[in-house]
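Me: Could you take a close look at one part of this model for me and walk me through its surroundings? I would enjoy a connected account that starts from a single contact and works outwards.

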Amino acid sequence: MLIFDLGQVTVQGSYSQIMQNVQSWSNMANYLAVDDGLQLSGTTPTMTGRYNVTMVAYIRGDKIAGP
């Protein structure tokens, strides 16, 4: 298992576009992505959203290379 802390993501758009972006992380095949701490600012149609993303990847195999 690998854990990737992608840090803060910043997106701009309407409320609907920002929510689509946040929700799209859950559609990534073979990964588990967790978004947290969504903060919205501005007014539509030009809002800014900021949130943190952490991803978990499950590895299949008998051998894993060292660091």
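Reply: Let's start with the side chains of T48 and Q12, which are joined by a polar contact of 3.2 Å. Please keep in mind that this is a predicted model. T48 belongs to strand β3, and with a relative accessibility of 11% T48 is classed as buried, because the cut-off for that class is under 20%. Leaving aside residues up to four places away in sequence, T48 touches T10, V11 and Q12, and also I18, Q39, L40 and S41.

I18 is a good next stop, as I18 in turn touches T48. With the same sequence neighbours set aside, the other contacts of I18 are V11, Q12, G13, L38, L40, M47 and G49. Q12 therefore appears in both lists, as a contact of T48 and as a contact of I18, where contact means heavy atoms within 4.5 Å.

From I18 we can step into the largest nonpolar core, which has 10 residues. I18 is one of them, together with V9, V11, V22, W25, A33, M47, Y51, V53 and M55. At least two residues of this core come from each of β1 (2-13), α1 (15-24) and β3. The largest share is that of β3, with 4 residues.

Just a short way back along the chain, there is a backbone detail worth a look: the peptide bond from T44 to P45 is cis, with omega near 15°. Most peptide bonds are trans. P45 sits in the loop between β2 and β3.

Now let's follow the chain past β3 (46-57), to the segment where Y58 is found. Y58 has 56% relative accessibility and so counts as exposed. On the surface, Y58 joins M1, I3, L32 and V34 in a nonpolar patch, and together these residues have about 560 Å² of accessible area.

Y58 also leads us to N30, which touches both A57 and Y58 when residues up to four places away in sequence are not counted. N30 is placed in the loop between α1 and β2 (31-43), and N30 too is exposed, because its relative accessible area is 63%. Finally, N30 and F4 are 26 residues apart in sequence, and their C-alpha atoms are 14 Å apart in space.

To bring the tour together, we began at T48, which is buried at 11% relative accessibility, passed through the core that includes I18, and came out at the nonpolar surface patch that includes Y58.

Definitions and conventions
Residues numbered from 1 in each chain as written. Predicted model: local features only at pLDDT ≥ 70, side-chain atom pairs only at ≥ 80, totals over all residues. Heavy atoms only, no water. Patch = residues over 30% accessible without salt bridge, like charges linked within 9 Å, V, L, I, M, F, W, Y side chains within 5 Å. Areas by Shrake-Rupley, 256 points an atom, 1.4 Å probe, with all protein chains shown as cover. Salt bridge = Lys/Arg side-chain N within 4 Å of Asp/Glu carboxyl O. Buried < 20%, exposed > 50% of the residue type's maximum accessible area, 1.4 Å probe, protein only. Core = buried A, V, L, I, M, F, W, Y, C linked by side-chain atoms within 4.5 Å. Polar contact = N/O pair within 3.5 Å; in protein donor to acceptor, adjacent residues only side chain to side chain.
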